Amino acid sequence: MSDALKQSLDLSMFLEYRAILLQGLIFNVLVFLGAAALALVAGLGAALMRMSRLAPTRWIGTLYVEVFRNAPDYIMLVWVHFVLPLLIGIVIRRRVEFHPFVSAVIALGLVYSGYFAEGFRAGIEAIPRGNLDAGRACGMSERLILWRITLPQVVRRMLPEALNLFVSMFKATTIVSLIAVPDLMYNVSMVIQQEMRPLPLYTGAALTYFLLIFLLSAGVRAFSERWRRAILV
Amino acid sequence: MGNWQRLVWNQRDVLLAGLSVTVEVCVIAFVAAILGGLVLCLVRLYVRPLRPLAVLLIEFFRDTPIFVQLMWVAYVWPELFGFPDSFFAAGWLALGLQSSGYLAETFRAGIEALPRGQRDAAFSAGMSPAQTFRRIIMPQVALASAPSIVNQFTVIVKSSTLVSVITVPDLMSQSQKLISVWYEPIEILTATAAIYIAFVFLVSACGKWLADRLRLRYGLAA
């Protein structure tokens with residue numbers, strides 16, 4: 001038992017493979033960036049649909065948000081990777097296949113767009129109506145009001161929450177190894193198959209992710225506190 | 001429509017068997033998370049010498065991705081600590097550990113939000129610290145954090161899809177088994193996703209209902 005402890009704490013094997021493992025981490029970051037961009041755009045779209053004046057648009061927006069907020073990331077990932085290309089293929093009558101990286105970005109982006117949509121909606125609804133009326137009275141178009149009056153305030157208000165969502169999203173990128181995106185966890189399991197030594201490698205992976213995410217979320221926490229204090233004045 | 005009948009409805013026993021394993025894993029993990037979270041929270045607040053350890057554990061459980069933690073518990077713990085002895089146990093243990101970190105923070109926020117005067121009043125009425133905790137603090141914290149506790153259950157259900165990776169025969173892994181037999185992922189995966197979404201939706205609707213009720217009844221800000 002103490003032997004096992006020593007083995008799992010001996011991270012020299014993890015360090016020996018650091019080049020390939022860190023390369024995996026880059027994939028985590030790339031998936032994260034793609035999915036974050038998609039989640040922001042789709043989330044804003046869904047939030048605007050939910051608040052539309054047309055009832056059917058509102059229903060679609062609500063359905064969208066409820067589906068993606070309640071869907072587990074992993075099943076969405078598998079669904080987007082294995083079902084979505086088939087459905088698209090049926091529609092355009094051609095064989096379609098998604099690169100695992102593309103599936104990962106789409107799946108995580110869609111799931112988190114549901115959460116972002118709720119954030120955007122709460123932020124938009126918190127804006128006093130008078131602001132919009134004032135904008136209209138000055139002759140601004142609806143789009144100009146969205147860009148110049150609504151969004152700047154929404155961004156300010158929801159920034160801390162959005163940063164927290166980004167941290168969760170980065171954590172979620174670890175599952176993309178399951179559809180063979182060569183991220184850190186994927187490379188770890190490849191090395192384990194070669195060396196047959198799961199102890200130090202899984203421990204190393206867990207510690208790496210822990211340190212990284214701990215620093216990220218500590219940074220977010222410190223920033224949010226100052227940010228809230230600054231905008232509440 | 002024939003495919004839905006053949007691949008989903010006729011296979012409902014397989015899927016339902018998976019669903020019951022999913023529910024089992026989630027419920028055990030949920031109970032473990034509440035107990036673990038309570039212990040971590042109490043140690044962090046009231047046991048001075050062990051406080052840094054509790055803080056470290058809470059942060060570790062919260063900040064390590066669930067998939068990584070799951071693999072770590074499933075493949076490293078048996079050799080390191082001699083347990084868990086099955087993948088099923090590893091599944092609920094990893095899910096429980098992660099959520100216990102979150103719940104510990106929920107409980108702590110609940111306890112710290114109580115006015116100090118209540119504790120002083122209990123003491124001056126002659127209650128012991130244990131009595132104070134059981135009769136004064138705990139009931140209020142349980143009420144105030146009930147909605148977040150229910151929410152944490154939805155997180156467990158969502159993460160539980162990953163236990164299929166360590167060969168626990170849950171709904172996810174049953175549906176993948178069906179796909180490997182029939183090679184028709186569209187209906188099977190879509191139905192599986194729908195079941196999960198409906199399940200999580202139901203649980204979070206319960207949480208919302210509970211939060212509204214508590215707010216109406218006891219005037220709690222949820």
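Student: Which residues of α10(B) do A:Glu66, A:Val67 and A:Asn70 in α4(A) meet, and what makes that a contact?

Tutor: They meet B:Ile197, B:Val200, B:Phe201 and B:Ser204. Two residues are in contact if their C-beta atoms, placed from the backbone, lie within 7 Å. By type, this patch has four nonpolar, two polar and one charged residue. Here Ala, Val, Leu, Ile, Met, Phe, Trp, Tyr, Cys and Pro count as nonpolar, Asp, Glu, Lys and Arg as charged, and the others, Gly among them, as polar. Mind that this is a predicted model, where local features need pLDDT of at least 70, side-chain atom pairs count only at pLDDT 80 or more, and totals for chains, interfaces and linings use all residues. Residues are numbered from 1 along each chain as its sequence is written, with chains lettered from A and ligands numbered from 1 in the order in which they are written.

Student: Why are α4(A) and α10(B) called roughly perpendicular?

Tutor: Helix α4 (residues 55–70) of chain A and helix α10 (residues 185–218) of chain B pack at about 95°, with axes 8 Å apart. The axes are lines fitted to C-alpha atoms over the stretch in contact, and angles run from 0 to 180 degrees between N-to-C directions. Roughly perpendicular means 65 to 115 degrees (under 35 is roughly parallel, over 145 roughly antiparallel, the rest oblique). The pair is therefore roughly perpendicular.

Student: What does α10(B) give to the side of chain B that touches chain A?

Tutor: Eleven residues, the most of any contributor. The whole contact takes 31 residues from chain B and 34 from chain A.

Student: How do you know that the span of α3 in chain B agrees with what a helix should give?

Tutor: A helix is a DSSP run (H or I, at least four residues; strands are E, at least two), numbered from the N terminus. The expected span is 1.5 Å times one less than the number of residues. For the 13 residues of α3 (residues 51–63) of chain B that should be 18 Å, and the end C-alpha atoms are 18 Å apart, so the two agree.

Student: Which residues in α3(B) are buried, and what makes them so?

Tutor: B:Leu57, B:Ile58, B:Phe61, B:Arg62 and B:Asp63. Buried means 20 or more other C-beta atoms within 10 Å of the residue's own (exposed is 12 or fewer, partly exposed in between), with C-beta atoms placed from the backbone. In chain B, buried residues make up 40% of the 222 residues.

Student: How many helices and strands does chain B have?

Tutor: Ten helices and zero strands.
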